[in-house]
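This report looks first at open space in the model and then at charged side-chain contacts. Please keep the sequence and the 3D view at hand while reading.

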Amino acid sequence: MIALIIGGSGSGKSAYAEKLVKQISQNNRVYIATMRVWDKESENRVARHREQRKELGFETIECPINPGGIQPSQD
């Protein structure tokens with residue numbers, strides 16, 4: 001299953017997506033992070049999101065530009 005979660009900055013997209021994936025799958029969890037880091041605030045947000053996912057079993061791919069060609073690992 002592939003799900004696209006969209007919404008405004010700070011709207012809870014990440015938390016919603018992580019909850020959805022935890023309900024659907026125990027394996028092959030891939031998180032594609034597309035946020036561009038512009039300043040200290042965005043650096044802090046990225047660090048917070050990394051910490052949130054730390055123990056959730058996601059493969060995280062950070063790709064703020066052109067994520068269309070991403071191929072998750074096949075482990």
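## Pocket and salt bridges

In this predicted model, the largest pocket has a volume of about 1,500 Å³. Its lining is made up of 45 residues, and those closest to the centre of the pocket are Ala17, Val30, Tyr31, Ile32 and Ala33. Four elements each give two or more residues to this lining, namely α1 (13-24), β1 (29-33), α2 (40-53) and β2 (58-62). Helix α2 supplies the largest share, with 9 residues of the lining. By residue class, the lining of the largest pocket divides into 23 nonpolar, 12 polar and 10 charged residues.

Turning to charged contacts, the structure holds 3 salt bridges, and the table lists them with the distance between nitrogen and oxygen.

| Residue | Partner | N to O distance |
|---|---|---|
| Lysine 40 | Glutamate 43 | 3.8 Å |
| Glutamate 41 | Arginine 45 | 3.7 Å |
| Glutamate 62 | Arginine 50 | 2.8 Å |

How far apart in helix α2 are lysine 40 and glutamate 43? The two are 3 residues apart, and they are therefore separated by about one helical turn, with their side chains meeting in a salt bridge at 3.8 Å, N to O. Lysine 40 is exposed, because its relative accessible area of 55% lies over the 50% cut-off, whereas glutamate 43, with a relative accessible area of 41%, is partly exposed.

A second pair in helix α2 joins the side chains of glutamate 41 and arginine 45, which meet in a salt bridge at 3.7 Å, N to O. Here the partners are 4 residues apart, and so they too are separated by about one helical turn. Glutamate 41 has a relative accessible area of 53% and is exposed.

What does the salt bridge between glutamate 62 and arginine 50 tie together? The closest N and O atoms of glutamate 62 and arginine 50 are 2.8 Å apart. Because glutamate 62 lies in strand β2 while arginine 50 lies in helix α2, the pair ties together parts that are 12 residues apart in sequence. Glutamate 62 counts as partly exposed at 44% relative accessibility, and arginine 50 is likewise partly exposed at 44%.

Helix α2 thus appears in both halves of this account, because it gives 9 residues to the lining of the largest pocket and also holds lysine 40 and glutamate 43, glutamate 41 and arginine 45, and arginine 50.

Notes: Residues numbered from 1 in each chain as written. Predicted model: local features only at pLDDT ≥ 70, side-chain atom pairs only at ≥ 80, totals over all residues. Heavy atoms only, no water. 1 Å grid on protein atoms, 1.4 Å probe; cavity = no way out; pocket = protein on both sides within 12 Å on 5 of 7 lines; lining within 4 Å. Points joined across faces, edges and corners; volume = space filled by probe spheres on them. Nonpolar A, V, L, I, M, F, W, Y, C, P; charged D, E, K, R; others polar. Salt bridge = Lys/Arg side-chain N within 4 Å of Asp/Glu carboxyl O. Buried < 20%, exposed > 50% of the residue type's maximum accessible area, 1.4 Å probe, protein only.
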